[in-house]
Amino acid sequence: MSAPPRETPAKGAAPRTRQKRGEGQWALGYREPLNPNERSKKDDSPLNVRSRIENIYAHRGFDSIDPGDLRGRFRWFGLYTQRKPGIDGGRTALLEPEELDDRYFMMRVRIDGGALTTEQLRVVGEISREHARDTADISDRQNVQYHWIQIEDVPSIWSRLENVGLSTTEACGDCPRVVLGSPVAGIAENEVLDASPAVDEILDRYIGDPRFANLPRKFKTAISGLPDIVHEINDIAFVGVDHPEHGPGLDLWVGGGLSTNPMLAQRLGAWVPLDEVPEVWAGVVSIFRDYGYRRLRSRARLKFLVKDWGAEKFREVLETEYLKRKLLDGPPPENPATPVDHVGVHPQKDGNYYVGAAPIAGRVSGSTLVAVADAAERAGSRRVRLTPHQKLVVLDVPGDKVSALETELAELGLQTKPSPWRRSVMACTGLEFCKLAIVETKVRAQQLVADLEKSLADLNAQLETPVTVHLNGCPNSCARVQTADIGLKGQIVTDADGNQVEGFQVHLGGGLGLDAGFGRKLRGHKVTAGELVDYVERVVRAYVAGREPGERFPQWALRADEGVLQ
């Protein structure tokens, strides 16, 4: 049967314009579920899944878990099924979710501002030893991630965490996730203000609030009196700044994020007093909830709305529809001259010291965390912090205790005077546990550090700042590959013999702060995992040999001849 003839406009008539398809914005009347994730959240609030875990699944076991809870609502309480062992990265995109699922979980402990007492750190470590096969990774969101968690153990783990003021509530999911904060809030000599009260207030007032438990996608926050919380790549960020008339406050940024469509956050040009931060934060989250794009998951982050609206319209909607008042204009924050990672021994403004130590790519263990808590207490400290760079910091150390603490940390594999490579390498979870991963990352990062410490030992003194190397197991950029000096995005590549092997797409010269940008992706250039050490060594040596005086790696990488970078 032939197709009916296509209608053509009458002669002289205006051509028909196709009506633009709605993006699923609630504020514009698009309330119907537009994809399976939206339907799942409408069918049942994800916050309700906790009672089913406690009352049903923990008693009846893994096989009793409803698939909609298992691969959806569990995330609101920090739980993802981990990858079944033995499935190579080339099969990641070919298998159904149930084929990738193991019967164990990754559990993410929410640690807002990275702030822990030594008592809390000890409990986190003890849970790891007893329920997670001694696994514990420090993430670049200041969380701790466990693996090998069984559903039967989840209620007791929650009870132990909550007894010391911690939780996994909204550690994942389409909701406000952990709030990044300065690891040295309240003690840094050069902070504009201590922003931790705002972090605490947001946690107390809004986390677990049903009003914000159904957002279009995840929502990431960073708040600090210093530019030390990667503010350019968060959905919302408040950064300390001195206003010439009103004094210390915070500068407001929105719409940052990485993954497959990276965008830097935009300044709204608004100065916010510390006590108004929670209200303004809630206003921005409400805009995302009401105007965020829900039709396509790939466009459901706040950054797409900010890009389409622009900073001026976003600020106008925030002021007129949500705050019902104008925000004050203010100046931008200062960029640090060098990246801030808090590693080493630094003076506090009270006369004590904070001591920052570097594991390799955030990989520690429960036993290590318990030992750190003990060592900190022997040094007179009761406070530990995790950083957005997968590092660990002990606060409040008296000067005469610093040396002994450094020695104890080093014995635990936590160096306070690390090589540039141990200091700068970051990695996501990777193929070992992540169902999205294509290549292995954590163990490879550890081996990369060991190899570079040998092959580039002669250059250590010549690197004024470490060359950052970030490894990611897939395109989602949990390890921030686009903002690294050398960013490595995992994929399957073809080696010289025509074999399909693990490898990486290379990004060069990304950065934040002074070098904010996503660097340079070499067209078609990929490196196999086996070539990785040689490649990094070759590029770093070319940088040291070819740089101008004072030239940073991103500056050099953006102007260098492409042949030098391959």
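**Nonpolar cores**

I began with the nonpolar interior of this predicted model, and found that its largest nonpolar core has 53 residues, with I53, F74, F105 and Y146 making the most contacts inside it. I then asked which element gives the largest share of this core, and noted helix α11, residues 366-378, with 5 residues. A second, separate core holds 41 residues, V199, L215, V277 and A311 among them. My margin note here is a general one: in soluble globular proteins, nonpolar side chains tend to be buried together.

I went back to I53 and listed its contacts, leaving aside neighbours within four places in sequence: A58, F74, L79, I151, V154, P155 and W158. F74 is thus on the contact list of I53, and F74 is also named with I53 among the residues that have the most contacts inside the core.

**Strand β8 and its partners**

Next I looked at β8, which spans residues 236-243, and asked how many of its residues are buried. I counted 7 of the 8, so I recorded this strand as largely enclosed by the rest of the structure.

On pairing, I noted that β7 and β8 run parallel to each other over 4 bridges, and that I223 stands opposite F238 of β8. With β9, residues 247-254, β8 pairs in the antiparallel sense through 8 bridges, and there G240 has L250 of β9 as its bridge partner. The connection from β8 to β9 is a hairpin of 3 residues.

**Two buried charged residues without a salt bridge**

I turned to D228, which sits in the loop between β7 (219-224) and β8 (236-243). D228 is buried but forms no salt bridge, and the nearest side chain of opposite charge is that of R385, 10 Å away. What does the side chain of D228 make a polar contact with? I found the side chain of H342, at 3.1 Å. H342 also appears among the residues that D228 touches, together with S182, P183, V184, V340 and P388, when residues up to four places away in sequence are not counted.

R385 was the obvious next entry, and I placed it in strand β15, residues 383-386. R385 is likewise buried without a salt bridge, the nearest side chain of opposite charge being D396 at 6.7 Å. I did find a polar atom of the R385 side chain lying 3.4 Å from the backbone oxygen of L116. L116 is one of the residues in contact with R385, and the others, again without those up to four places away in sequence, are G113, G114, A115, P183, K391, L392, V393 and L395. I marked P183 for myself, since P183 is on the contact list of D228 and also on that of R385.

**Salt bridges**

As a reminder before this section, side chains of opposite charge can pair when their charged atoms come close. The structure holds 46 salt bridges, and I looked up three of them by residue.

In the E38 and K41 pair, the side chains meet with 2.8 Å between N and O. Both residues lie in helix α1, residues 36-43, and are 3 residues apart, about one turn of the helix. Are these two residues buried or exposed? E38 counts as buried because its relative accessibility is 7%, and K41 is buried as well, with a relative accessible area of 6%.

In the second pair, R122 and D374 meet in a salt bridge at 2.9 Å, N to O. This pair links distant parts of the chain, with R122 in helix α5 (residues 118-131) and D374 in helix α11, 252 residues apart. R122 is buried at 18% relative accessible area, whereas D374, at 29%, counts as partly exposed.

In the third pair, the closest N and O atoms of R325 and E276 are 3.1 Å apart. Distant parts of the chain are linked here too: R325 is in the loop between α10 (311-323) and β11 (328-329), and E276 is in the loop between β10 (266-272) and α8 (277-291), 49 residues away. I entered R325 as partly exposed, with a relative accessible area of 27%, and E276 as partly exposed at 25%.

My last entry concerns shared partners: salt bridges join E38, K41, D174, R294 and R297 into one network.

Terms used. Residues are numbered from 1 along each chain as its sequence is written. This is a predicted model: local features need pLDDT of at least 70, side-chain atom pairs count only at pLDDT 80 or more; totals for chains, interfaces and linings use all residues. Side-chain values use heavy atoms; hydrogens and water are left out. Buried means under 20% relative accessible area, exposed over 50%, partly exposed in between (1.4 Å probe, protein chains only). Lys and Arg count as positive and Asp and Glu as negative; His and the chain ends are not counted. A salt bridge is a side-chain nitrogen of Lys or Arg within 4 Å of a carboxyl oxygen of Asp or Glu. A polar contact is a pair of N or O atoms within 3.5 Å; within protein, one must be able to donate a hydrogen and the other to accept it, and residues adjacent in sequence count only if both atoms are side-chain atoms. Contact means heavy atoms within 4.5 Å. A nonpolar core is a set of buried Ala, Val, Leu, Ile, Met, Phe, Trp, Tyr and Cys residues joined through side-chain atoms within 4.5 Å. Two strands pair if DSSP finds at least two bridges between them.
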